[in-house]
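Could you walk me through this model in my viewer? I would like to know what to select next and what I will find there.

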Amino acid sequence: MNTTALLICPTDTWSSPFLARHAPPALTPLLGRSALDRAMTRLFSAGARRVLVLAADRPDEIRTAVQGGAPWGLHAEVLTQVRDLTPAEACAKYQDQATHWLPQSDDEMYANVWQHLEDEPSWPQPAQWFTRLIAHLDDCGRDTVTMREVQPSVWVSTQARVSLEAHLHAPCWVGPHASILPGASIGPHAIVEARAYIDSHAEIINSHVGPSTYVGSGLTLRDSMVWGRGLLNWVNDSFVEVRDGLLLDDLSQRSHIRRGYWFGRLAAGFALLLTWPIVLIAYLSSRLKGTPFLHTQRAVYAPITGDIAHAESIDWHQFHSLTGWLQRWPELVQVWRGQFTWLGNRPLTPEQASHLSDGTDRLWLAVAPGLFSFGESLGCDDLHSTEARAHAAYHSATSSPGQDLRALSRIARRLLVAPLRESALTFVPSPQAQPLPQAR
């Protein structure tokens, strides 16, 4: 019997802006495994053999993680949705795609990736959510191969590195490849996910530390979720991105750089070597004009799909004393590091990004920031124009290697024809960034 289940990956939750900084919320690692993984395991155990996965947030990433259902012995299909469906809407929309549903009740023939943590289909508030995670800590520990209960309700992965001088207070969880240095205190009520690094004398109390997150020496976290440089405190309902990497940092940036386009990074390295005299020109020019050497802004670190207020950001450098494309030379360093691409959408400050009002405008942030933009290859150099937003949306929706190469060749011709003219790639961000125009 081909018993089928619907699996809804909800995104419209309190936490999605925070969690979506790194991955779709359904793929967020919780106690060592993602909610999607646990939901698929639960469905297989309940007798399902076919699963329709409904995903509105980055369905391609969900599809990659699902792998057709093979890891769970299931046949799974990821169906892209334009918005979150309610259980009733999902059941009505897909009622003709199966002859046998699991569960059998018409009003319960769906599953939600969060059901293993709660009774309600919607994601609870932060404090309630964390309390439920702690309540399931022992059950999840017994279900995870590498976890060992070294003390009652103190779970430590056999792959973790925990100093003998660290202090673990029940209940707590230390995931695979996490590092706990001497003097650090974990718990009570603390979860440290995989590959996190807790420096000496740091304290984690009633808090959740996300994967690949560095917590600095002497820092005390209480009643908070941290992931990378983002910190969400559920007592005062506040969010902050910590700019000081000595306090919080994102250790996954190294893997992000490895995932970059190696050819593009190699080309950027050659370009840096060939054009290094521009640095000397910029320095001498800044000394003569009495201006700062670098102009630094904070840019929203695309791609993002969640709330811009919770988006990651990155420092964006340009030469202050130069104009035109020469001003962008420091961005080549970010291309070489894998943070920027050669062709993308130009970086936006958080203030500029906040003026992206609708779904089409938000496509600007759907791809990584670029040294050059598709619009510039067609002669649109005004970042603040409606035309620029249209080009950015088009590039985000239709980008392909062939199209990108053609756009870069057009930009190369522009630079060769007028390499030093103001008219070639003239956008110069001012220290007080202008807002983008509102869409009509």
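Start by selecting V209. In this predicted model, and setting aside neighbours within four places in sequence, V209 is in contact with I191, V192, E193, A196, I198, I204, V215, L221 and V226. Show those side chains as sticks and keep them on screen.

Next, widen the selection to the core around V209. The largest nonpolar core has 24 residues, and V209 is among the members that touch the most others, along with I180, I186, I198, I204 and V215. To see which elements feed this core, colour strand 9 (154-157), strand 12 (172-174) and strand 15 (190-192): each gives two or more residues to it. A second, separate core can be picked up from A282, L332, V335 and F372, which are included in its 23 residues.

Now stay with strand 12 and look at the loops on its two sides. Select P171, found in the loop between strand 11 (167-168) and strand 12. The peptide bond joining A170 to P171 is cis, with omega of about -10°. Then move to H177, in the loop between strand 12 and strand 13 (179-180). The phi of H177 is near 65°, a positive value in a residue other than glycine. With a relative accessible area of 38%, H177 is partly exposed.

Two further stops pick up these themes. In the loop between strand 14 (185-186) and strand 15 sits P188, and the bond from G187 to P188 is cis, with omega near 0°. For the other, select H201 in the loop between strand 16 (197-198) and strand 17 (203-205). H201 also has a positive phi, near 65°. Is H201 buried or exposed? Its relative accessible area is 53%, over the 50% cut-off, so H201 counts as exposed. Why flag these four places at all? Most residues other than glycine have a negative phi, and most peptide bonds are trans.

Move on to Q128, which belongs to helix 5 (residues 126-135). Q128 is partly exposed, at 44% relative accessible area. Draw a distance from its C-alpha atom to that of W234: the two residues are 106 apart along the chain, and the separation is 9.8 Å.

For the next stop, turn on a cavity display. Rolling a probe the size of a water molecule over the atoms shows where empty space is left. The structure holds 6 cavities of 30 Å³ or more, and the largest has a volume of about 130 Å³. To centre the view on the largest cavity, select R346, W364, S373, L383 and A388, which lie nearest its centre among the 16 lining residues. Which helix gives the largest share of that lining? It is helix 14, with 4 residues. Helix 13 (374-377) and helix 14 (386-398) each supply at least two lining residues. Colour the lining by class and you will see 7 nonpolar, 5 polar and 4 charged residues.

Two cysteines make a short detour. C140 has a relative accessibility of 6% and counts as buried, and C380 is buried too, at 7%. A search of the whole structure finds 0 disulfides.

Finally, zoom out to the whole protein chain. It has 15 helices and 28 strands, and 55% of its 440 residues count as buried. Of the contacts with a separation of 6 or more, 56% come from residues 24 or more positions apart.

Note on methods: Residues are numbered from 1 along each chain as its sequence is written. This is a predicted model: local features need pLDDT of at least 70, side-chain atom pairs count only at pLDDT 80 or more; totals for chains, interfaces and linings use all residues. Side-chain values use heavy atoms; hydrogens and water are left out. A nonpolar core is a set of buried Ala, Val, Leu, Ile, Met, Phe, Trp, Tyr and Cys residues joined through side-chain atoms within 4.5 Å. Buried means under 20% relative accessible area, exposed over 50%, partly exposed in between (1.4 Å probe, protein chains only). Contact means heavy atoms within 4.5 Å. A disulfide is a pair of cysteine sulfur atoms within 2.5 Å. On a 1 Å grid over the protein atoms alone, a cavity is a set of points where a 1.4 Å probe fits but cannot get out, and a pocket is an open set with protein on both sides within 12 Å along at least five of seven lines; lining residues have an atom within 4 Å of a point. Grid points are joined across faces, edges and corners, and a volume is the space filled by probe spheres set on the points. Ala, Val, Leu, Ile, Met, Phe, Trp, Tyr, Cys and Pro count as nonpolar, Asp, Glu, Lys and Arg as charged, and the others, Gly among them, as polar.
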